[in-house]
Amino acid sequence: MLIAVPSDAPGGLDSTISEHFGHCGAFTIVSVANGEIGEVSILENSGHEQGGCMAPVHLLKQEGVEILLAGGMGQRPLSGFQQVGIAVHFKEDARSVSEAVALFLKGGCPPFGETQTCGGGGGGCGGHHHEAIQREPIEGVADIRDGRIVTLDFELTDSGGTLFDSSTRVGPMRYLHGAGQLLPALEGALTGLEKGEQKSVEVPCAEAFGERDDSRIVEVPRAQLPPGATIGMMVSAQDPTGQQIPLTVIHLDETTARLDANHPLAGRDVVFNVTVAEVENATAEEIAHGHMH
């Protein structure tokens with residue numbers, strides 16, 4: 001049995017569990033047989049850059065993961081894990097990877113339910129029982145600037161208005177401003193906004209997900225894909241540096257598969273319609289780590 005746990009970098013049994021799987025530095029993958037921990041490996045999280053919040057779902061499925069122990073997760077990826085047969089369990093009060101795995105093996109870590117799913121405008125993980133982070137109140141104007149945690153309600157469309165993603169589907173976008181977690185053009189446009197303000201940010205494809213590049217479409221033997229692969233499914237490959245590259249299956253026949261390494265929105269101008277739901281001070285630890293906890 002393979003168990004995956006979203007972890008702060010660099011990953012490993014002693015690493016702290018990342019409170020939201022999509023923003024973790026790595027996935028620690030633990031092999032368990034007869035109730036005993038065996039081999040431990042670390043898988044870098046390619047994040048939402050390609051494939052949105054479903055990219056980690058397909059990445060972990062390809063690695064053969066059967067169980068995910070997590071703290072926070074939106075409804076869309078939770079449904080995705082359920083659809084591909086990965087059981088998601090709540091880590092309860094475990095703080096490290098080893099604590100979570102040991103708790104699960106002892107019969108703890110209940111399955112995720114509605115009360116453990118992130119969502120709503122409050123920016124939290126509804127029903128999670130982990131300790132709330134104590135944040136210093138903002139003195140002066142509570143606007144978006146470096147070193148602040150921002151919660152956004154959003155819609156992502158192309159220039160023609162076709163909807164690709166939204167906070168209604170996946171929950172609010174929550175990030176550390178100034179840490180490079182958003183497209184630079186979007187992050188720059190948000191600077192200075194205050195809670196309750198709305199903005200429409202148009203991002204040309206060159207500053208969004210790039211132009212389409214047909215040289216990034218490759219053919220591989222179908223046998224290299226996971227069993228049950230379908231058109232539209234995301235898989236991953238590893239480049240010579242060890243970086244995980246998300247790929248979309250765009251064609252299948254009996255012997256070959258065609259895979260596209262372009263981002264699904266490559267070649268498109270995109271529009272982010274955002275509403276600032278919350279602006280908070282980040283903790284010193286979050287600023288040092290470069291991501292929110």
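The chain folds into six helices and 14 strands, as seen in a predicted model. Of its 293 residues, 47% count as buried. The chain exposes about 13,900 Å², and carbon and sulfur atoms supply 49% of that area. Contacts across the sequence are well represented: among those between residues at least 6 apart, 61% join residues at least 24 apart.

A helpful place to begin looking is strand 8, which spans residues 173-176. Both of its faces are covered. On one side M173 and Y175 are buried, and on the other side R174 and L176 are buried as well. Strand 8 pairs with strand 6 (residues 148-158) in the antiparallel sense, over four bridges. Within this pairing, L152 stands opposite M173 of strand 8.

Charged side chains come next. The structure holds nine salt bridges. One of them joins R135 to E286, with the closest N and O atoms 2.6 Å apart. R135 lies in the loop between helix 3 (97-105) and strand 6, whereas E286 belongs to helix 6 (residues 284-289), so the pair ties together parts that are 151 residues apart in sequence. Both R135 and E286 are buried.

Another salt bridge brings together D260 and R212, at 2.8 Å from N to O. This pair also links distant parts of the chain: D260 sits in strand 13 (residues 256-260), while R212 is found in the loop between strand 9 (198-203) and strand 10 (217-221), 48 residues away. The two partners can be told apart by their surroundings. D260 is buried, with a relative accessible area of 7%, because residues under 20% fall in that class. R212, at 39% relative accessibility, counts as partly exposed.

Salt bridges that share partners also join R135, R174, E280 and E286 into one network. For anyone following the model on screen, this network brings back two residues already met: R174, one of the buried residues of strand 8, and R135, the salt-bridge partner of E286.

A further salt bridge connects R145 with D143, the closest N and O atoms being 2.9 Å apart. Here the arginine is partly exposed, with a relative accessible area of 38% for R145. Its partner D143 is buried, with a relative accessible area of 13%.

Methods. Residues are numbered from 1 along each chain as its sequence is written. This is a predicted model: local features need pLDDT of at least 70, side-chain atom pairs count only at pLDDT 80 or more; totals for chains, interfaces and linings use all residues. Side-chain values use heavy atoms; hydrogens and water are left out. Buried means under 20% relative accessible area, exposed over 50%, partly exposed in between (1.4 Å probe, protein chains only). Two strands pair if DSSP finds at least two bridges between them. A salt bridge is a side-chain nitrogen of Lys or Arg within 4 Å of a carboxyl oxygen of Asp or Glu. Contact means heavy atoms within 4.5 Å. Accessible areas come from the Shrake-Rupley method with a 1.4 Å probe; for residues, only the protein chains shown count as cover.
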